[in-house]
Structures are given as structure tokens and as C-alpha cells.
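Biologist: I should like to be introduced to this structure through a few questions. Please display it before we begin.

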Amino acid sequence: MSATDAQAPLAASAAPDLRPVWRKLIGFNLLTAVILGVGGYYLGWFIGHQISTSSFAYEKATDENDVALLLAYAFGVIGFLVGLGFANYPVERLLGRPASLREKESHGISRYFGLCTDHKVVGVQYLVGIGLFLFVGAVNAMMIRAELLHDTPTIVGPNQYLTLVGVHGTMMMGIMTSGVLGPFANYFVPLMIGARRMAFPRIEALTFWLLMAAGFILASTVFFGGFPTGWTGYEPLNDQAVMGMDSYIMFFALVGISMVLLGLNMMATIITLRAPGLTWSRLPIFVWATFATAVLMVLAAPMLIATLLMSALDRSISTSFYVTGGGGSSYLFQNLFWFFGHPEVYILALPGFGIVLELIPVFVRKPLWGYRLAISGMLGVSLMSFFVWQHHLIVSGINADLRPFYMLSTEIISVPTGFIFICFMGTLWRGRMSLTVPMWFCLAWAFNFLIGGTSGVVLSDDATDTQLHGSFFVMAHFHYTIVGGLIFSFFAAIYYWVPKMVGLQFNEKLAKWHFWLMFVSFNSTFLPLFALGIMGMPRRVSQYEPHLVGLNTWVSISAFVLGFSMLIFLANVVYSMIFARIPAEANPWNSKSLEWQVPTPVPVNNFEQIPVIDADPYDYGTPVALGAGAAAPAGA
Amino acid sequence: MMVPPVPAGHQIPPEPPDVAARQLAVAARLLCGASTFFFLAFLFAYIYLRSLNQDGMWRPPHEHPNQAWGAVFIACIVLSALTAIVSGRRMKAKSASWLPAVIGALVLAIVAVIAQCIEYTVQNFGPTDGAYASVFCAWSAFYLIAILFTMFWFETQIATELRARRSPAPANEGDVKEPDRLIAPGLDAAVFLWTFMAGIGIVTYVTLYLA
């Protein structure tokens, strides 16, 4: 299809498609993608076996053919993307066809199941896709807690338990890197900045489909023996593991590529597509948070990709990056991984900051307090996150002279994080608070993240870290920051923005049940883990001291209630979106930000004319709404 | 339907090419940032493993990259980048001679890739022969992939220009107004990226061949 062909349907979409169903299935779509993906997988598998049987005695002898599996995954992903139509445009450009921006934006419901360059469609795709993998990760968590009801392995063996823990952690950490930027930033950043599109719409679609392919690859690890390393993939365990480890490597490498592209696209969009008058000092705080996150994605994720490529080479063609016997070092992996891994924590946390600070002015009806302070906090966190990574290696045995530096830098990073809290508290101060469901989630975020943050300061101390490293205390800490910080703000965003995305409102009673059950059970699950950690409960083992059974049983039951709260949320989604279908108001929260000034559902073109921004964001208490000025010429 | 279908006769107005031009410039710079951190991982691995010299296995004495092919490689990279810069300047001066220059840059870069591939076949070590060999082979191989990606960008500019000279794209059709006006900013962005990648190539050469 040429660039002009891609455009043609935009003006002719009213003509009904009279082709028979079988004919509609032929072309670049999800069905073709699956067929080519499976074909590519087997082609890679075949080539891998041809190479390895003639070249690598190890693979031949052990039937552990990492070359074949890695090639199978790589070819499978390429086939999948080609089937979706991602190769068409590069080939057209190679042949000299003119540049174009839009593709398959007018294909009805099929837009949601293929390559579509409408940022709103991609946002919805992300929301559903991420929800699917979050569900898988949550089911794993339930199985972990079921296993820990007893102090000896009962439901699954020790190796399967490690795989459960690994898939849970990796799925959550990998998929949720795009948990906010994927659905909400893709959908709302163009609306918030007065743009009609993302800077690179095809890349936007590519990031989503890469993430989906990655998710399925990780889930496939169970067919290859799983992996024992948890989400960190540490060497030398990584190099010694069975082929399931390759699934981990390919998953995270694809997530890394998706992250780089997502971040690049977000930054380019925010830098180049802001409406006239929307200066940097007028950007909504959520856009700032997106920008700070995107910086981390563009700079940190390439390190992850390189780290995992080295790992893949060690496992497949026996290079010696991390293999001590060949001159490598497993510490190299730890250094490289955490150079990405710690910014990764902020890739997860920063969008949560942005959501909360974006929402609370709406619900307390006053401007965001300390707007510039909040921005400096976010950028400060981004910058400093590159200078703390070795605190993850303190117990591994880093040079003792380096310890004070990393301890101090870790403690100091709590200062810009504290800025966010100050802005949160300052905005709440003397505000007229409406306790809506999104606001409840924002308040819960503050409570949870405060516990997560302060326990992080405790852990940053070398002496404490040496004692608590690898214990449930650490696990409680990062669940308070990631679940308490990100997932709670994620749900705040769902209840706040999804009515705009789908044009339907949630059942409020079910939403409140969801919130309270989730908040209470979350704290009931993770607060005792601090105590368990101090009492000596280690991570990643299913056999533990009998005197810890009581507390573990409490935690498991709380976790099941937490899981049940998610079922209430799912029930609310099904009830509100399929059965009740009550239309949402255009601006149910009386927000003044730009995304709420467009009709619901959002028109194809977002804005008939690009708005001119003549007011600061969060002008609550004044009659001027953001974006209420005169329109600029189209395309400006 | 969550996002309304495009209504009958609805036409999204084509946007001026200046917007996409700015995006290309920004994207090239951001790609430079991402590439820096990608190759920084290999530089870190080089420095870390060399300083550690685990069991004396960093670099067995017989391991030497082929200096002649390495010199051909880096010379082609540098010459290609310089030719690309010249091409970009000619483009800005509105001279039609930018096209042969950029074709020259493309050819030189491909010669560099071929030289590196030949070197793999003649050097006296492979990727499994210790830490240095691993770093050398992986770093240089991924650098070759980065070159090919950048050359793809150049090729699209060449092909678009050749097509535009034969039959210019309609000014008001499609979603970018006068899309052929994007050739110049596209080339400019590609030259920026390629110059930066050549810089990474010099660091690669100095580290792997001379240090």
C-alpha cells in the first residue's frame, strides 16, 4: 500500500466494505501476524538447529539449544510484525515513496486488532493489553501466596516456585514500564498539549505490539523449564539455567526496545507538537512526568538491551562477558543491569507522581501548589537515579570506599522525591476536597508511597541493608513503592480518564468497594512483610521456619482478598462497559485541563482547530480554562 | 465504538512539513543519546573486564585484531561521515550535487561493513576466546548493525529524491503537505546521526584496536 493509498480511506470510510469475510481476513492483520509469527518461530528453530548441530558441541550434547530458541523468538517476532504490516512503510520509503503519517485509522473495529496510527486507538490497545498481562502476573502472585501458606513445598516444587516468582516479578516490572505511558500518555498527552497526533504514529503502534509479543514470549517460558533468577536475571545463575531463561532474555530485550521507542516518541511529541502558547511553564504536570520518564527510558533502556544481548551471546555462542572461566565476571552483569534497574524503578514511579499531582487540583479545586518545585523534583529524581545503582551491589561486595557515596546518593534521592510530597500536601492544604474514587486512590498513594519511601531510606543505610538484603523487608519496601505508588495511581487514572476514553461511566458503588477492599487488603498483605523480613524470612524460597507460618498465613489470606478486590474491579468493568453502558458526561470532574475540553468520545481529529493556550494549568478559582483561547491555523 | 470511526467525507487536513521536519531533527538527537548509552555498556564491559583480568583470561597474548582491515574500516567510516557532511552542506546551499555526495557516503559506509566482515574471517580469534574477544566481536557486530540502520535512512533519502526528480509528490494529497520538502530535513537529521555514529566508531576503533 502506498502512502496515498493509506490516506484514501480517510475520506471514503462511509462506503460499506462488501467483501466476503474470508477476503477481509487476507491482508496485514492480526491473523496474518499470528500465522507469520508461528512460521517465523519454526523457521528460526530450524535454522538454529542447523547452525548448532554443526558448530556447537554443547548444544548437540545436552539438547539445550539456546541458539535455536533465541533465533525462533527473533524470527517469530519479525514475522509477527511483518504480518501486522510494520514492514510495509519502511519498504515503501526504501523505494522512494513520499513520507506519510497515518495508517489504518478508519478500519472500524479491526483498528483495535492491528497496526493503527491513531493515538487514541493505541491508548485503548495498551490499556487492554497491559490489563491482560497484569492479570497473568496477579494470578502468579496468588499462586505464590497459596504456596506460602505452608512452610514446606506443597503445591509446586522449589524450581516451579522460582519460575512463578520470576514470571510474576518480570511480567510486572517489564509490562508496567509502559503501564501509564502506554495507555494514558499515548491517549492524553496529544490532547493535553493540543496536538492531533503523536510525533511518530507508526512507532507508537510498534511499541505496543512489541510489548504484546514480549509478554507472550515470557509466558512461554513454562514450556522450556522456566527460569530460576527472579526478575533480575542474575549471573551466573542466568548462564547455568535451562532454555526458559532465553524467554526472560528475549522478553526484557523487547521491552527495552519498546521503552526506547516509546520514550523517544513521547519526548519528540512534547518538544515539537505543543499548541501555540503552551510554553514549558504551562505544561500540565502529567506531561512533565511523562517527559521525565521518557528521558529515563531513552537513556537507561539501551543499557538493558545491551546487557541482555551479552547474556544471550554468553548462553548461545559461549562468549565470556559474565562467565568467570572465560575471563568474564558476573559482577559486570550486576553493574550493567542495575544501571538500568534503578532508573527503571523511577520509570515506574514517576508517571504515578504525575497522575496524582494532575488529579488532586481537580478534586480540591485549587491550583497545584509548587508547580516548579514538582517539576524540579521529577527532573531531579530522573537525574539522580543514574547515580545510585551500586546500592544494589553492597552485599555482593563492592569496593568498600564506594559504599558511602552510594549510601549518600541513595539517601539524597529522597529529597527530590520529597518535593513531590510537599507539593501534594501543599495542594491539599485548605482545599475543598471531593472524595471521589480517583481522589481516594490519590490519597492512598500518598499513604502507601510514604511507607515505601521511608523504608527505602532505611534500606539505603549500608548496615541495615547488609542485614535485610534478600529478605521480605526488601520485598515489602518495593511493593509499597511499586504497587502502592504506581498501581494505586494507575487505578486513579483508570477511574479518572477511562470515562473519557470509552464514553461510559463506572459504577461508583462497585468502584468504592474496589478501593476500600484493595487499600485495606494491600496494607494487610504488605505491612506484615516488614516484620517477616526482620524475623528472617528470605525471598524466593518456599520452605521457611515453622514459627513464621502464622504471619505468612495472615499475609496469604490478605493477598487473596487483594486478588478478590481486583475481581470486583473486573466485575465493574464488565457491568459498566457491557451491561449498564451509562454515557459519561463530557467533563464529569469539571476539570480545566485541555483533554476535558474536547467532546466525548474524542473526535477523530482531536481538535477542529489547534487551540491557542492563554492560561496557566490548574487555574481553579478563575473563570479562564486552559485552551479556551482563539484557535490557531490548522497544522500549526 | 470507543474511538469514533472516521465520518463520511471527513478529511484530516494535511499538515505543513515543518512540523515533521522538527520531529526528525529531535529524533536524530534522541537516537544519538540512546546509541551512546547502548555502546557505553560495551565500553564499560571493556574497561571492567580488562581491569579485572579474571584468571589472566582478559586477552591471551596471541589475540590481535587485524590492524590493516581495522584501518580500512575506520577510514571508510570517517570518510563516509565527512562526505555526508559535505552532502548536507550542499543540500543547504540548494545545490543538486548533494545527491552524488550522499551516494558516496552510503557506498563508503557499506565498504566499511564489508571490511569489518572480512576482518572477522581473517582474525586469529573468535567470540569464544576470552573476554576481549567477546567484547570485540559483540561491540563491532552491533556497531555494524547501527551503521546499516543509518544507511537505511540515507537510502530512503536518496530514493525519495530520485523519485521526486522523476515525479514530484502531489502537494495537497496525503497527510503531509508537500512531502518532498521533507527530503532536506530528513537528510540533515540522517547526517547528524551518522556523524555522531562515526564518532562512536572512532571510540570503538581506539578502544578495540589501539588501547
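Biologist: What radius of gyration does chain B have, set against that of a compact globule of 211 residues?

Modeller: This is a predicted model. The C-alpha atoms of chain B fill a box of roughly 70 × 50 × 25 Å along the principal axes. A compact globule of 211 residues would have a radius of gyration near 17 Å, but the value for chain B is 21 Å.

Biologist: How many helices and how many strands does chain B have?

Modeller: Read from the N terminus, the elements of chain B run α-α-α-α-α. The count for chain B is therefore five helices and zero strands, with helices and strands taken as DSSP runs.

Biologist: Which helix of chain B gives the most to the side that touches chain A?

Modeller: In the pairing of the chains, 57 residues of chain B are in contact with 64 residues of chain A. Helix 1 (17-52) and helix 4 (131-166) of chain B each supply at least two residues of the side that touches chain A. The most, 19 residues, comes from helix 1.

Biologist: How do the residues on that side of chain B divide into nonpolar, polar and charged?

Modeller: The side in question is the one by which 57 residues of chain B contact chain A. Its residues divide into 37 nonpolar, twelve polar and eight charged.

Biologist: What ipTM does the predictor give the complex?

Modeller: For chain B, the mean pLDDT is 93, and 95% of its residues reach 70 or more. For the complex, the predictor gives a pTM of 0.93 and an ipTM of 0.94.

Note on methods:
Residues are numbered from 1 along each chain as its sequence is written. Chains are lettered from A and ligands numbered from 1 in the order in which they are written. This is a predicted model: local features need pLDDT of at least 70, side-chain atom pairs count only at pLDDT 80 or more; totals for chains, interfaces and linings use all residues. Two residues are in contact if their C-beta atoms, placed from the backbone, lie within 7 Å. Helices (H or I, at least four residues) and strands (E, at least two) are DSSP runs, numbered from the N terminus. Ala, Val, Leu, Ile, Met, Phe, Trp, Tyr, Cys and Pro count as nonpolar, Asp, Glu, Lys and Arg as charged, and the others, Gly among them, as polar. pLDDT is the predictor's confidence in each residue, from 0 to 100. The radius of gyration is taken over C-alpha atoms; the globule rule is 2.2 Å times the number of residues to the power 0.38.
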